[in-house]
Amino acid sequence: MTDKSQVLQVLFHRLNNQLGIILANAELLEAKLADDIGRARAAQVVASVLDAMTTAREIRLRSL
């Protein structure tokens, strides 16, 4: 594995960790919010984070 590959692996790992924290908190908000508007906004964040995780995975696979 080259230095560039190792650096990219570390960066993708950090990005996934950060996205995972955002996802967990958005899911908690979605479950706890009482109003429909708030739950819908939290659900949008959940969906967007899942999409971002998929995109990061695709970039990682194509760049290494």
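**Reading two helices, residue by residue**

Reader: In which helix is Ala-52 found?

Author: Ala-52 is found in helix 2; helices (H or I, at least four residues) are DSSP runs, numbered from the N terminus. The model is a predicted one, in which local features need pLDDT of at least 70 and side-chain atom pairs count only at pLDDT 80 or more, while totals for chains, interfaces and linings use all residues. Residues are numbered from 1 along each chain as its sequence is written, and side-chain values use heavy atoms, with hydrogens and water left out.

Reader: Is Ala-52 buried, partly exposed or exposed?

Author: One reads the relative accessible area: buried means under 20%, exposed over 50%, and partly exposed in between (1.4 Å probe, protein chains only). Ala-52 has a value of 31%, and is therefore partly exposed.

Reader: Which residues does Leu-19 contact, beyond its neighbours within four places in sequence?

Author: Contact means heavy atoms within 4.5 Å. With those neighbours set aside, Leu-19 touches Val-49, Ala-52 and Met-53. Ala-52 and Leu-19 are 33 residues apart along the chain, and their C-alpha atoms are separated by 7.9 Å.

Reader: Which residues make up the largest nonpolar core?

Author: In soluble globular proteins, nonpolar side chains tend to be buried together. A nonpolar core is a set of buried Ala, Val, Leu, Ile, Met, Phe, Trp, Tyr and Cys residues joined through side-chain atoms within 4.5 Å. Here the largest one has six residues: Leu-19, Leu-23, Ala-26, Val-46, Val-49 and Met-53. At least two of these residues come from helix 1 (3-32), and at least two from helix 2 (36-63).

Reader: At what angle do the axes of helix 1 and helix 2 cross?

Author: Two packed helices are described by the angle between their axes and the distance between the axes. The axes of helix 1 and helix 2 cross at roughly 165° and come within 9 Å. Helix 1 is therefore roughly antiparallel to helix 2, a term for angles over 145 degrees. Axes are lines fitted to C-alpha atoms, for helices over the stretch in contact, and angles run from 0 to 180 degrees between N-to-C directions.

Reader: Where do Thr-55 and Arg-41 lie?

Author: Thr-55 lies in helix 2, as does Arg-41. Thr-55 is partly exposed because its relative accessible area is 37%, whereas Arg-41, at 55%, counts as exposed. The C-alpha atoms of Thr-55 and Ile-37 are 27 Å apart, with their positions 18 residues apart along the chain. For Arg-41 and Lys-4, 37 residues apart, the C-alpha separation is 38 Å.

Reader: Is Asp-3 buried or exposed?

Author: Asp-3, found in helix 1, is exposed, with a relative accessible area of 61%. Its C-alpha atom is separated by 34 Å from that of Val-45, 42 residues apart along the chain.

Key
Parallel < 35°, antiparallel > 145°, perpendicular 65-115°, else oblique.
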